[in-house]
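Trainee: Could you take me through one part of this protein up close? I'd like to see how a single spot fits in with what surrounds it.

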Amino acid sequence: MYSQEDQELLLDKLQVFKIQGRDKHGRSVLRVIGKIFPARLVSVEVLNKYLQDKIFPKLREAPFSMVYVHTGVQRSQNYPGISALRSIYDAIPTDVQDHLEHVYFVHPSLQARLFLATFGRLIFSGG
């Protein structure tokens, strides 16, 4: 495994998480590209720290939307898994969660669709 600093530099370089543009209601958009997410190289702890330090401070002030693009995600290469996604969601500060108005999941696999349709509201609503 790479050092924490190397993992953070990799996330910066790949721009997996980027605040980019606005939706039709004028909200900032957090864009997440699953295909380039280095799930096998970055720990959940480093990812949470990266988000806390670099992304979340920019989202505290106003409502925003998130677009997660799932196209090209392979379970064996770049998919962090549902438990990691839940851990990341749990690490989002309350003031940032309060500003998250919409999440768009683009091109989910059949497995992701079935899982999210069945358990998504329970997992991502806090119970």
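Mentor: Sure, and keep in mind that this is a predicted model. Let's start at Gly26, which counts as partly exposed because its relative accessibility is 37%, and that label covers values between the 20% limit for buried and the 50% limit for exposed. You'll find Gly26 in the loop between strand 1 and strand 2 (28-33). Now look across to Ser65: along the sequence it is 39 residues from Gly26, yet in space their C-alpha atoms are 9.7 Å apart.

Next, follow the strands on either side of that loop. They belong to an open sheet of four strands, in the order 1-2-3-4 and with mixed pairing. Strand 1 and strand 4 (100-106) are the edges, each pairing on one side only. From one strand to the next, the twist averages 25°. Strand 2 runs parallel to strand 3, and six bridges join the two. One spot to find there is Arg31, which stands opposite Val67 in strand 3.

Now see what lies over the sheet. Helix 2 crosses strand 1 and strand 2, at about 40° to strand 1. Helix 2 also gives five residues to the largest nonpolar core, the largest share of it. That core has 20 residues, and among those touching the most other members are Leu11, Phe17, Phe37 and Leu47.

Two of those names deserve a second look. A search of the whole structure turns up one aromatic pair, and it is made by Phe17 and Phe37, edge-to-face, with 6.3 Å between centres and 80° between planes. Phe17 sits in strand 1 and Phe37 in the loop between strand 2 and helix 2, so the pair ties together parts 20 residues apart in sequence. Both rings' residues, Phe17 and Phe37, are buried.

Leu11 brings us to helix 1 (residues 4-14), whose buried residues are Gln7, Glu8 and Leu11. Looking down the axis of helix 1, you'd see these buried residues fall within an arc of 100°, so they line one face. Here's the general idea: an α-helix has 3.6 residues a turn, so residues three or four places apart point the same way. The buried residues of helix 1 pack against strand 1 (17-22) and helix 2 (44-55). On the face turned away from that buried side, you'll spot the exposed residues Glu5 and Lys13. Just after helix 1 comes Gln15, with a positive phi of about 55°.

Methods
Residues numbered from 1 in each chain as written. Predicted model: local features only at pLDDT ≥ 70, side-chain atom pairs only at ≥ 80, totals over all residues. Heavy atoms only, no water. Buried < 20%, exposed > 50% of the residue type's maximum accessible area, 1.4 Å probe, protein only. Arc of directions from axis to C-beta. Contact = heavy atoms within 4.5 Å. Phe/Tyr/Trp six-rings, centres within 6.5 Å; stacked < 30°, edge-to-face > 60°. Core = buried A, V, L, I, M, F, W, Y, C linked by side-chain atoms within 4.5 Å. Pairing = 2+ DSSP bridges. Axes fitted to C-alpha atoms, helices over the stretch in contact; angles between N-to-C directions.
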